[in-house]
Amino acid sequence: MSAPVLDRRSFLALPVLATTPLAAQFDANRTPKNLRIEAVDVVVTNPDERPLGNYVLVKITTSEPGLYGWGDATCSGSEMAVATMLEEHLAPALIGRDPMQIGNLWQTLYHLPYYRSGSVHMSAMSGIDMALWDIKGKVAGLPVYELLGGKMRERLLTYRSAGGASIEEVEDGARALMERGYKVVKVQVAAPGAESGYAVPSSERVQAETQAAYDRGVPPSQLWEPEPYVRILPKLFAHLRKTVGDQVGLLHDVHERVTPSQAIRLAKALEEYDLFYLEDVLRPEHLDTYAIIRQQCSTPLAMGEVYTGAWEGLQLITDHLIDYARHDIAHVGGISTLRKVAALCEPYGIETAFHGPGNISPVSHMAHCHVSYSVPNFGIQEFAVGWGDGVRAVFSASPVFEDGYISIHDMPGLGIDVNEDEARKRPYKRRLRPTIRRADDTPWAY
């Protein structure tokens, strides 16, 4: 019989699995001696059968009966490469090692392939790192955030997206989220003439073409022209500030889809609308342009979700060219890396805004919360998901939304379990990310 959901008022709360509670599976009153890693298992699952819904899950089993940990190694678009990296190249180095030596194992696995870093390697490392912290928390009988120094706050400010094909549709979506208690809303609008776009609904024609590409096992393609987008965005914010007011925080994700000169124009044009932040206004390759933007306007900037290591984008932090760090726990090396990023940002007055989309699993979302609870320079935690029955069947828990904030319970470790039988019933589906192209077929940034 399933236990009650964590919060009946939350549409995102997930029921606890019909298994023995985590705290009872392992006697945390005694620290096991000669504890060793006995197995590393990888499960690739798509619980809700969504296009970007494949999750790569890592289970580390120890020599102590009932003591194991779960991690998330999801890398959307490279899931099977990550699974192979785990099974063939990293897992063998863990067998027989002490799972409590997280730092030692992290460094071992980081240097093991010699040609280190990159999205596949670091996502695999992220899953292992989360699972090891999960084990350590269970041995201590404490939530992971307690091992990171304890709570700095009782709840985490969050946001969700309102996207639309028109400015009016975006306004309606923003109002609906505000009515549910959101204090911050990400707003995205389709560019004039566009039939699709980031975080906005696609036309029926594009949806049909996308499904046809999925059926053939090839990447779909989307058309994007940056100039119309750059022109409409200030109009969106001018409209929203007049209609929904200035009491709600508004942020926007450029998703790196403009040129450096367009990014400068855009950041300057949006300055008067007092954004919470402007996200990913440039590709990582255009690092120097951040300095130009900083010299010309005060629009808050956020960057980091595409990084796959702690030191990528280091100059953005040390030169104070951004205001929020957007690193993703599933891609940069897990909890161990994310806390280093937060510590590096702290003396520069840069806050965290860790990347939390729907294409990472609830394991990562729980892990994000543990770090966000514990760091002093927390800003906001993205929790932009709407999971279905499949995810609820596979995962035992998720952060709970209430009145603009999310929170997690205080169970040992990460506080989440995985129903492996249910996960294996919902296997990997090949759903490649779309290619973005200009009207003349030039490949463009995602």
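**A three-stranded sheet and its setting**

In this predicted model, valine 44 has valine 56 of strand 2 as its bridge partner. That pair belongs with the contact between strand 1 and strand 2 (residues 55–62), which run antiparallel to each other and are joined over 8 bridges.

Stepping back a little, the sheet here is an open one of 3 strands, laid out in the order 1-2-3 with antiparallel pairing. Strand 1 (37–45) and strand 3 (68–72) form the edges, each pairing on one side only. From one strand to the next, the twist averages 20°. Helix 4, spanning residues 119–140, lies across strand 1, strand 2 and strand 3. Its direction makes an angle of about 145° with strand 3.

As for the whole protein, the count comes to 15 helices and 16 strands. The radius of gyration is 21 Å, close to the 22 Å that the globule rule gives for 446 residues, so the protein is as compact as a globular protein of that length. Along the principal axes, the C-alpha atoms fill a box of roughly 65 × 50 × 50 Å.

What share of the 446 residues counts as buried? The figure is 56%, with buried taken as under 20% relative accessible area. On the outside, the protein exposes about 17800 Å², and carbon and sulfur atoms supply 49% of that area. Sequence separation rounds off the picture: among contacts between residues at least 6 apart in sequence, 74% join residues at least 24 apart.

Conventions. Residues numbered from 1 in each chain as written. Predicted model: local features only at pLDDT ≥ 70, side-chain atom pairs only at ≥ 80, totals over all residues. Heavy atoms only, no water. Pairing = 2+ DSSP bridges. Helix = DSSP H or I, 4+ residues; strand = E, 2+ residues; numbered from the N terminus. Axes fitted to C-alpha atoms, helices over the stretch in contact; angles between N-to-C directions. Contact = heavy atoms within 4.5 Å. Rg over C-alpha atoms; globule rule 2.2 N^0.38 Å. Buried < 20%, exposed > 50% of the residue type's maximum accessible area, 1.4 Å probe, protein only. Areas by Shrake-Rupley, 256 points an atom, 1.4 Å probe, with all protein chains shown as cover.
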